[in-house]
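Please find below a short note on the structure, set out as numbered points for the file.

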Amino acid sequence: MLFNSFQFLFLFLPATLLGALLLERWSRKAFILWLIGASVVFYGAWNPRFLWILCLSLVLNYAIALLMERSAGNARRIWLVIGLVWNLGLLGYFKYTNFLGTTIEELTGHDPGWPEVILPIGISFFTFQKIAFIVDSYRGQTASLRSFGRFALFVLFFPQLIAGPIVHHSEFIPQLDRRRGDRTSDISIGLVVLVLGLIKKLYIADTLALPANIVFNAAAAHGHPGMADAWTGALAYSAQIYFDFSAYSDMAIGLGRMFGFDLPINFTSPYKAASIVDFWRRWHITLSRFLRDYLYIPLGGNRRGENRRRFNLLATMVLGGLWHGAGWSFVLWGFLHGIYLLIAHAFSALPAGRRMGKSAWWPLAARVLTFLAVVIAWVPFRAADMGTTFRMWQGMFGWAGAGGMELLRTAHLVPVAGAFAIAFLAPNIYEIFAWERLGLPSPGYPATKAKPLLWKWRWTPVYGVATGIVFAAAVLKLNDVSPFIYFRF
């Protein structure tokens, strides 16, 4: 079920919210069970035959964590290994079997004949969430498992089930014991944020898909876009994925707030980043911190010398790229970002780099360089295959020669320019609602601590009418429903 669909907005959400409000004051246990049931319905609406995977994994992870809590020494380590093997094995089978089979066929010319595996939606997100819980259970960093229902809602809560944020148990489970007072404010804030996310998705991200698809599809069909078209296509996709993921992140936060839960901030104006390090503190923040805490640091982090640190950083980004998608283009995307990060760290360590960082002109130059590097890396992320990637890069860098295709019209440039004006200049949703403390900040990610603007959202009839008009405009576009980009990961 999509957040941007009639079924969700006019049937599932009102019914689920009404039931939650009625049960919340009567029984916390009934409230939790209601949300678990609603989340199962939400997931099953996509494809009910995959519910068994979600439910079996949920039960097994709870059992493993419970057994680990009651074990010590080698037994505890054995349960940890079993938990990791189960979760990574499940993810590996569903996400990478097709990729492995294709790779074997390309290398050997022999089709292994494996049946095609359909990827269950959201498996990458809820698997990482459970891995974090299992590892923290082994470390003794989780609260006692008092009930299966609390753990189940932590995993299944529908606003974050399909595409994140990757919620940490320490952020969500304690909220189950917190009772809010008047819920009118939560519902109002959540609804406004939900509506603004809808507008981003329907009017900006989906509009930008057209020029991006024209160029990338032409390159996938072995065409060679000219320089202007290649750059416009790459920029269009860069803006499309920005607003698509920003919209989803806003809507997840807003929906969580409507039900009385604060979810972690996951997206804070990443195209305003002053370095590639800063970019990864703003883009998909919960994935970034998961990779830091459960991959980079366990690999040794920066504790085993400079060469090992470089390897750990590059390996983390490559695996992060592979997490996004089963394909060599995603590996290349992760590798590029790993190289970017190594260059950024090396540059900042040089005396010349430190001097340049103090120059008056450097902040703007750093932002431009960071943005261009990110745009170039988005090409393999969007491209259908490696051949498409190289044809796009050939066009962008003028290597297509006189045979470059002319694909786009001037009209295609207007939404791209407008989208970047918003991305570069407008405040994000957390700045607009900083007075309301929207979303949970993450330690070590400064941009998640939004500074209040001089202007603030006011709960007046004028703002209410404006929200209603914006929502009506969104409803007019619901016939053109398209999935969020991150749903396929």
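The points below run from the overall fold to individual salt bridges.

1. The coordinates come from a predicted model, and the remarks that follow should be read accordingly. The secondary structure consists of 20 helices and 0 strands.

2. On overall dimensions, the radius of gyration is 23 Å, which agrees with the value near 23 Å that a compact globule of 489 residues would have. Along the principal axes, the C-alpha atoms occupy a box of roughly 70 × 60 × 55 Å.

3. As to packing, 54% of the 489 residues count as buried. Among contacts with a separation of 6 or more, 77% are between residues 24 or more positions apart.

4. The accessible surface amounts to about 21500 Å². Carbon and sulfur atoms contribute 67% of that surface.

5. The protein carries 43 positive and 24 negative charges. Their mean positions lie 9 Å apart. Across the whole structure, 15 salt bridges are found; three of them are taken up in the next points.

6. D177 and R150 form a salt bridge through their side chains, with an N to O distance of 3.0 Å. This pair links distant parts of the chain, 27 residues apart: D177 sits in the loop between α8 (169–172) and α9 (184–220), whereas R150 belongs to helix α6 (residues 148–156). How exposed or buried is D177? D177 is partly exposed, because its relative accessible area is 47%. R150, by contrast, has a relative accessible area of 12% and is therefore buried.

7. A salt bridge also joins the side chains of R183 and D186, at 3.3 Å from N to O. R183 has a relative accessible area of 6%, so R183 is buried. D186 is likewise buried, with a value of 4%.

8. K201 and D244 make a salt bridge in which the closest N and O atoms are 2.6 Å apart. Which helices does this pair link? K201 lies in helix α9 and D244 in helix α10 (residues 227–258), and the two residues are 43 residues apart in distant parts of the chain. K201 counts as buried because its relative accessibility is 1%, under the 20% cut-off. D244 is buried too, at 2% relative accessibility.

9. Finally, a wider arrangement deserves mention: salt bridges with shared partners join E24, R28, R183, D186, R257 and D262 into one network. The R183 and D186 pair, whose side chains meet in a salt bridge, is part of this network.

Terms used: Residues are numbered from 1 along each chain as its sequence is written. This is a predicted model: local features need pLDDT of at least 70, side-chain atom pairs count only at pLDDT 80 or more; totals for chains, interfaces and linings use all residues. Side-chain values use heavy atoms; hydrogens and water are left out. Helices (H or I, at least four residues) and strands (E, at least two) are DSSP runs, numbered from the N terminus. The radius of gyration is taken over C-alpha atoms; the globule rule is 2.2 Å times the number of residues to the power 0.38. Buried means under 20% relative accessible area, exposed over 50%, partly exposed in between (1.4 Å probe, protein chains only). Contact means heavy atoms within 4.5 Å. Accessible areas come from the Shrake-Rupley method with a 1.4 Å probe; for residues, only the protein chains shown count as cover. Lys and Arg count as positive and Asp and Glu as negative; His and the chain ends are not counted. The place of a charge is taken as NZ of Lys, CZ of Arg, CG of Asp or CD of Glu. A salt bridge is a side-chain nitrogen of Lys or Arg within 4 Å of a carboxyl oxygen of Asp or Glu.
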